[in-house]
Structures are given as structure tokens and as C-alpha cells.
Amino acid sequence: MIAPIAGFSKLSKNEKIKWLADTYFHDDETVVGTLKKYWNSDETLQKLHDEFIENTITNFYLPLGIAPNFLINDQLYAIPMAIEESSVVAAASKAAKFWLNRGGFKTTVLSTEKVGQVHFMYFGATEKLEAYFNSIKAELFAATKHITQNMEKRGGGITDIELRDKTDELAGYFQLHCTFETVDSMGANFINSCLEQFAKTFETSAKSFEPFSEQEKDIQIVMSILSNYVPNCLVRAEVSCPIETLVENESMDANEFAEKFIRAIQIAKTEPYRAVTHNKGIMNGIDAVVLATGNDFRAIEAGIHAYAAKDGRYSSLTHAEVTDGIFKFWIEIPLSLGTVGGLTSLHPLVKLALQMLGKPSAKELMQIVAVAGLAQNFAAVRSLVTTGIQKGHMKMHLINILNQLEATETEKTHFINFFKDKTVTHSAVVNAFTAYKTEHAS
Ligand code: MEV
């Protein structure tokens, strides 16, 4: 039985690693070696990364790739993507190139509203609570002036505070539902600081609101927190082209392709099992850019999936249609992103990624990220309704299998060539590799 450890965070990095190796790896020195191999030799850079979180023992690498040739609103971008899945960057690049010659991607930011809520309990007359809220609303704004001043200078701030009665769903439950404009920052700290101040003012001032009875004066704040559901922070990205230009070669009829593609989207709209995988493919593109640009991909994931279920059933985030001979494919998603604050000016690779994108505003980044999602979905659905997904996926995965087999560089070149005109499966690679090794053993 492993004993709990007290004061772990106080140990030095080396002591933490030693404890880990002793406790879970029978003092195996190779564990220490592996962890230290990923330390950066630049001590300042390493310290920066160590200090991002608590109890850092090493760095966890993900590849940072680039998908070039994205034409977005007539401007060319090379999009940075941090992701481990072998075929994602290749698929994005392919889709970018495809649409480059067909007018590129057109995008619009539809709204930028962020949300936060103070959740509280009140067991009394609703009219009195409404009267109290109306009497205190201006004070709520005033009490946060010290927090909002800088944000207001940048064009943002608190846009509204609303009292919401949720007692139909939970006895005594009310909210201050608050909306914000946070301009180029994701705004989590700003929003949470405002909310905590609202809560304090709201709870304290209730004590001296005379129409309240003694019990009504006792408003119980449960919590104050931003919401990652931002259905009014929306961006749209779209591609379109005449239907006859939809296929690149004669192997498939353009109308047949469009029909199959639209069917695939319709299936994702009606069937949640398919919709989840369909949207997962979209998130392959979105998360990779969100991560590379130092944003919070968990927040983005949570918000987007909630949006996918907004009509009561989990559904496709993308849409497609043919009207008057024009094929149109689009996405509309909520994205709360920042290009200032957080990791954006701290992580050297995040800085580089943002620089590469022309130091975008948060609105511009919303558009780029939405495009990455749409492109990824186009590539996936196109493969699914034509060749099947495994052809491209396994081609990219081949190198991983060869690495697992500890193939040399010469062997890798040989097998990449060997599988050019063959179907890649794990067993086919293992069998071919084993035969090759036997043949070349001497
Ligand atoms: C794999 O990471 C993503 C796909 O499954 C997406 C899809 O099915 O649309 C290929």
C-alpha cells in the first residue's frame, strides 16, 4: 500500500522526481532519465514552464505543425496547430489548398458577448427581491469601477446585469446573470473578479434593505463564476463554389459527391452517435489552433458541445446545401478566445504562433479557429464519402507504426515506398516488417 504524502508541493523538483521514482517505479533510474531528458537546457525557459503549474516535473511535448495556404477573407494565413493525431495537419493543409482555388473561406463574427453568473438562494417574496435588485443595480456597477476602469479604456466592460428567477427548476434559486465585453482578452479573471464583487455588494446591502424581513435579508450566495457557455459569442465561417468545380478529377461525379456530402451532414444532424464523431473531427482542427495560440481548449470544448445540443438534441455543428447550382458549406460556433493576457505573452511558442497569424485581435482569431474547424470537417467528410477515412489516416499513421517497431531511417524510407500503393493496416505493416527483417538478417 502506498502511503499518502504531506507537503509534496514544498519539495524541490528533484525531490518530487525521486519520490515518484521510489514510490511508483521501484527506484528505477531510467524513469528519472526519461523525465530529465525533456527538461530544457535553457534554465530560464525551463523555469518559465515549471511555474505555469504546480508540481511540474518535466515538459510534455506535442508537435506544433503548420497548415499553410488558408485564404480567409482574401488574406493568406499559415495556421499553427498543436496536435498529436497524425493526419490532422495534413487534412487541414489539403482542405486549405482545395478552397484556395475556389475563393477561400469567408468569415464573420456575429457577436462577442461573454457571460458570468452569481448563483444565490433567497426564500422570500419575489417582488421584494426584484425591488431590491432594481434599487441596487447601479451600485453593483459602481462597486466594480476599480476592476472595470482598464477594460473600459479598451472598449469593454460590463454590458448588463439581470436578475433571473430559477425557482421553477430549484426552490429558492436565483441568479445575477451578467454579460460582458472583454475585447481581446478571454476575460476569465476580469469576469470572475466582477462577479465576486457583485456577490459581496449584493449580499451585504441586502442586510439594510428595509422592505426585506429578517429572513429575506439573509441572501445566501452559493458561487460566482463565469460561464463557458457563450451562445452569443458567435462566429461563422463558410466556403462555397459552383457544384461542377467540387471534384478535382473525373473519378467522381460532382453532383453525386455533393449529394453524398450533404447526406453525411444530414446524418450528423439527426443521429447523435454520428454527430459526436463528426464534431470531434471539427474539434481536431479547433483544439489544435486554440492550444497553439495559448487558449483554454477545455473551455472551448465545453462551450461548443453545449451549443451543439442547444436545440435539445446533440447535432452537427456544420451545415451544407446546394442552391442554384452553388454548393455551400458552413459552420457557426461560439468561441470565447483571447489574444492578450493568459499565456499569450508568456509562452514563447504561443507568442510565435500569434505573430505568425499577424498578431490577430480576438475577433480575428475567432475567424481563423472557425476556419480550421470547417476545413477539418470538410476533409474528413470528403474522405468518408469517397475513399473512406483509413486510406489517408493510416498513410499518416504508418510512420508511428514503424517507430513502434523501432525501424531505422532506411527501413522507414523503404516501407513508406512499399506501402505507396497498398492498404496500410497495423498487421500488414508488422507482417511486412517481420518478413523484411528475416530476409535481411545475416
Ligand atoms: C478522427 O480523429 C476524426 C474523424 O472520425 C471525424 C469524422 O468522422 O468526421 C475522421
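Which element gives the largest share of the shell around the ligand? In this predicted model, that share comes from α9, which supplies six residues.

## The shell around the ligand

The residues around the ligand are E85, R274, T277, H278, K280, G281, N284, A380, L384 and I389. Two elements, α9 (272-292) and α12 (362-385), each give two or more residues to this shell. Sorted by class, the shell consists of three nonpolar, four polar and three charged residues.

Several of these side chains come within a short list of polar distances to oxygen atoms of the ligand. In E85, an N or O atom of the side chain is 2.6 Å from an oxygen atom of the ligand, while a polar side-chain atom of R274 lies 2.8 Å from a ligand oxygen atom. For N284, the corresponding distance between a polar side-chain atom and an oxygen atom of the ligand is 2.9 Å. The ligand taken alone exposes 300 Å², and 82% of that area is buried by the protein.

## The pocket that holds the ligand

The ligand sits in the second largest pocket, in which about 980 Å³ of space lies. The lining of this pocket is made up of 37 residues, and those nearest its centre are K94, A379, S383, T387 and I389; of the residues just named, I389 also belongs to the residues around the ligand.

At least two lining residues of the second largest pocket come from each of α4 (88-100), α9, α12 and α13 (389-404). The element that gives the most to this lining is α12, with eight residues, whereas the largest share of the shell around the ligand comes from α9. By class, the lining of the second largest pocket holds 13 nonpolar, 16 polar and eight charged residues.

## The largest pocket

The largest pocket has a volume of about 1,400 Å³. Its lining comprises 40 residues, and F52, L291, L343, H347 and V350 are the ones that lie nearest the centre of the pocket. The elements that each supply at least two residues of this lining are α3 (43-50), α7 (188-206), α9, α10 (297-308) and α11 (348-356).

The helix α9 therefore appears in the description of both pockets, being listed for the lining of the largest pocket and for the lining of the second largest pocket. In the largest pocket, the lining divides by class into 20 nonpolar, 17 polar and three charged residues.

## The enclosed cavity

Rolling a probe the size of a water molecule over the atoms shows where empty space is left. A search of the whole structure finds one cavity of 30 Å³ or more, and the volume of the largest cavity is about 90 Å³. This cavity is lined by 15 residues, with M186, S227, N228, V230 and S336 lying nearest its centre.

Two or more residues of the lining of the largest cavity come from each of β4 (114-121), β7 (220-227) and α10, and among the elements α10 gives the most, with four residues. The helix α10 is also one of the elements that supply at least two residues of the lining of the largest pocket. The cavity lining counts 10 nonpolar, four polar and one charged residues.

Conventions: Residues numbered from 1 in each chain as written. Predicted model: local features only at pLDDT ≥ 70, side-chain atom pairs only at ≥ 80, totals over all residues. Heavy atoms only, no water. Near = heavy atom within 4 Å. Polar contact = N/O pair within 3.5 Å; in protein donor to acceptor, adjacent residues only side chain to side chain. Areas by Shrake-Rupley, 256 points an atom, 1.4 Å probe, with all protein chains shown as cover. 1 Å grid on protein atoms, 1.4 Å probe; cavity = no way out; pocket = protein on both sides within 12 Å on 5 of 7 lines; lining within 4 Å. Sits in = over half its atoms within 2 Å of the grid points. Nonpolar A, V, L, I, M, F, W, Y, C, P; charged D, E, K, R; others polar. Points joined across faces, edges and corners; volume = space filled by probe spheres on them.
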